[in-house]
Amino acid sequence: MKFSIVYLQFEVAQDMVYRGYTWNELADIHLVYKSCLGNANEARRIYQLQYPNQQLPSQHLFVSVDRCLNNTGLMILNIHDAGRPVAL
């Protein structure tokens with residue numbers, strides 16, 4: 001039962017935040033941002049050069065992915081305020 005609850009929370013968070021980005025694209029976003037030493041403007045420019053056929057993420061997404069990974073160690077953003085809490 002716990003597994004299904006965690007899975008449901010994961011699906012809700014993924015649908016709310018990633019807006020069509022794959023896990024590989026999110027990893028690329030994070031790696032480019034780190035390689036640019038946290039400069040989101042530069043990361044966006046480099047990402048566009050390295051991945052010309054991919055959708056170009058906003059500067060905010062670079063910062064959000066990095067902040068989320070630093071704070072939680074997970075690639076699930078904005079999991080709070082996702083709805084009513086589930087009592088276990």
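Asp66 is buried, as its relative accessible area is just 9%; here buried means under 20% relative accessible area, exposed means over 50%, and partly exposed is what falls in between, using a 1.4 Å probe and protein chains only. The model is a predicted one, in which local features need pLDDT of at least 70, side-chain atom pairs count only at pLDDT 80 or more, and totals for chains, interfaces and linings use all residues. Residues are numbered from 1 along each chain as its sequence is written, and side-chain values use heavy atoms, with hydrogens and water left out.

Asp66 has a charged partner: Lys34 forms a salt bridge with Asp66, and their closest N and O atoms sit 3.1 Å apart. A salt bridge here is a side-chain nitrogen of Lys or Arg within 4 Å of a carboxyl oxygen of Asp or Glu. Lys34 belongs to helix H2 and Asp66 to helix H4, so the pair ties together distant parts of the chain, 32 residues apart. Unlike buried Asp66, Lys34 is partly exposed, at 41% relative accessible area.

Now for the overall layout. The protein chain has 4 helices and 0 strands, giving the pattern α-α-α-α when read along the sequence. Helices (H or I, at least four residues) and strands (E, at least two) are DSSP runs, numbered from the N terminus. Of the chain's 88 residues, 28% count as buried. As for contacts in the chain with a separation of 6 or more, 47% are between residues 24 or more positions apart; contact means heavy atoms within 4.5 Å.

Back to the two helices that the Lys34 pair links. The axes of H2 (residues 23–35) and H4 (residues 59–72) come within 9 Å and cross at roughly 95 degrees. These axes are lines fitted to C-alpha atoms, for helices over the stretch in contact, and angles run from 0 to 180 degrees between N-to-C directions. That crossing makes H2 roughly perpendicular to H4, a label for angles of 65 to 115 degrees, with under 35 counting as roughly parallel, over 145 as roughly antiparallel and the rest as oblique. On the H2 side, the residues that meet H4 include Leu26, Ile29 and Val32, and their counterparts in H4 include Leu61, Phe62 and Val65. The residues of this contact divide into 9 nonpolar, 2 polar and 2 charged. In this split, Ala, Val, Leu, Ile, Met, Phe, Trp, Tyr, Cys and Pro count as nonpolar, Asp, Glu, Lys and Arg as charged, and the others, Gly among them, as polar.

The largest nonpolar core has 12 residues in all, among them Leu26, Ile29, Val32, Ala43, Phe62 and Val65. Such a core is a set of buried Ala, Val, Leu, Ile, Met, Phe, Trp, Tyr and Cys residues joined through side-chain atoms within 4.5 Å. H2, H3 and H4 each give two or more residues to this core, and H2 has the largest share, with 4 residues. Ala43 touches Val32, Tyr33, Cys36 and Phe62, leaving aside residues up to four places away in sequence.

The structure holds 2 salt bridges. Besides the Lys34 pair, Arg45 forms one with Glu42, with the closest N and O atoms 2.7 Å apart. Arg45 and Glu42 are separated by about one helical turn, because they are 3 residues apart in helix H3. Arg45 is partly exposed at 41% relative accessibility, and so is Glu42, at 28%.
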